[in-house]
Amino acid sequence: MTAPIDRLRTIMAQLRDPNGGCAWDLAQTYETIAPYTIEEAYEVADAIERGDIDDLKDELGDLLLQVVFYAQMAAERGDFAFDDVCDAISEKLIRRHPHIFSDGPAKTPEEIKAMWDIIKAEERAGKPNGILDDVPVNFPPLARAQKLQKRMAKIGFDWPDATGVVDKVAEELEEFASAVRSGEHDEIEAEFGDLLFTLVNYARHLDIDADSALRGANARFTARVRHMDAAVRAEGRTLSDLEAAALEERWTDAKNFLANTA
């Protein structure tokens with residue numbers, strides 16, 4: 001009986017077959033598939049956040065397809081094969097878990113995390129890159145900001161605690177307000193970016209994942225608007241029929257209702 005992963009790889013090879021394959025699949029490259037990979041990763045995270053296990057299974061399949069797709073294209077180009085991908089991650093896992101696969105001394109989660117960071121630093125040291133060069137440019141902006149800050153924190157370029165970041169947030173907020181008063185669009189945008197970057201830093205010091213926090217805010221906003229919309233439509237109207245004061249009242253009602261039913 002064919003193993004499921006082998007069946008998937010066979011299907012992908014058939015889709016990419018120049019003789020009778022799918023025209024769309026044949027037209028794809030590393031670059032054109034990359035946005036889909038990012039999208040599928042977010043859909044996995046969304047299924048987890050919603051607690052939808054059936055959807056998680058499907059989304060993990062979609063994400064796995066991305067790996068198989070890249071590997072198929074790579075094999076066609078002579079870059080690497082699917083087995084090379086598996087071997088690379090297997091070797092990395094063994095190398096980064098000496099406490100499991102050799103006689104590494106780390107035992108507690110804190111010791112294991114510290115050892116992981118040391119090994120990753122050693123791996124980076126063997127590459128001709130600057131300290132931030134391997135932080136992916138295409139990371140979502142909030143996640144990339146957090147990654148950049150964590151990397152610099154490892155060499156001591158960081159506030160010792162959250163107190164200093166609070167003062168920096170206040171400073172950046174004033175600079176942003178000053179830019180708004182100036183009316184210079186480029187300056188306003190730059191200062192707004194600095195403010196966001198500092199807020200991400202503050203979140204990091206509070207052990208908050210900024211990207212997850214914003215996803216949560218988006219989800220709460222969406223739920224409240226949906227509640228507002230349903231209530232108004234039940235009255236035979238739409239949200240666009242309401243004045244600002246009425247919208248604010250509906251928003252408060254939705255917020256209170258959802259808070260009490262959570």
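**Salt bridges, surface patches and helix contacts**

In this predicted model, Arg 9 has a relative accessibility of 28% and is therefore counted as partly exposed. The side chain of Arg 9 meets that of Asp 83 in a salt bridge, with a distance of 3.7 Å from N to O. This pair connects distant parts of the chain, since Arg 9 belongs to helix α1 (residues 4-15) and Asp 83 to helix α5, with their positions 74 residues apart in the numbering. Asp 83, at 44% relative accessibility, is likewise assigned to the partly exposed class. Side chains of opposite charge can pair when their charged atoms come close, and in the structure as a whole 16 salt bridges are found.

Another of these salt bridges is formed by the side chains of Arg 215 and Glu 49, for which the N to O distance is 3.5 Å. Here too the pair links distant parts of the chain, with Arg 215 placed in helix α11 (residues 210-233) and Glu 49 in helix α3 (residues 30-50), 166 residues apart. Both partners are partly exposed, Arg 215 having a relative accessible area of 27% and Glu 49 a relative accessibility of 45%.

A further salt bridge joins the side chains of Arg 50 and Asp 55, at 2.4 Å from N to O. The two partners fall into separate accessibility classes: Arg 50, at 44% relative accessibility, counts as partly exposed, whereas Asp 55 has a relative accessible area of 18% and is buried, because the limit for that class is under 20%. Through salt bridges that share partners, Arg 50 and Asp 55 are joined with Asp 46 and Asp 52 into one network.

Charged residues also appear in a surface patch, which is negative and is made up of Glu 184, Asp 186, Glu 187 and Glu 189. Of these, Glu 187 is located in helix α10, which covers residues 185-205, and its relative accessibility of 35% places this residue among those counted as partly exposed.

A nonpolar surface patch of about 270 Å² is contributed by Leu 64, Val 67, Phe 80 and Val 85. Phe 80 is situated in the loop that runs between α4 (53-77) and α5 (82-96), and at 35% relative accessibility Phe 80 counts as partly exposed. Ala 81 is found in the loop between α4 and α5 as well, and with a relative accessibility of 30% this residue is also counted as partly exposed. Between the C-alpha atoms of Ala 81 and Asp 167, which are 86 residues apart along the chain, the separation is 51 Å.

A buried position is provided by Val 169, a residue of helix α9, which spans residues 162-182. The relative accessible area of Val 169 is 15%, so that Val 169 falls below the 20% limit and is classed as buried. When residues up to four places away in sequence are left aside, Val 169 touches Leu 195, Thr 198, Leu 199 and Tyr 202. The C-alpha atom of Val 169 is separated by 9.2 Å from that of Asn 201, although the two residues are 32 places apart along the chain.

Methods: Residues are numbered from 1 along each chain as its sequence is written. This is a predicted model: local features need pLDDT of at least 70, side-chain atom pairs count only at pLDDT 80 or more; totals for chains, interfaces and linings use all residues. Side-chain values use heavy atoms; hydrogens and water are left out. Patches are made of residues with over 30% relative accessible area and no salt bridge: like charges are joined within 9 Å, nonpolar side chains (Val, Leu, Ile, Met, Phe, Trp, Tyr) within 5 Å. Accessible areas come from the Shrake-Rupley method with a 1.4 Å probe; for residues, only the protein chains shown count as cover. A salt bridge is a side-chain nitrogen of Lys or Arg within 4 Å of a carboxyl oxygen of Asp or Glu. Lys and Arg count as positive and Asp and Glu as negative; His and the chain ends are not counted. The place of a charge is taken as NZ of Lys, CZ of Arg, CG of Asp or CD of Glu. Helices (H or I, at least four residues) and strands (E, at least two) are DSSP runs, numbered from the N terminus. Buried means under 20% relative accessible area, exposed over 50%, partly exposed in between (1.4 Å probe, protein chains only). Contact means heavy atoms within 4.5 Å.
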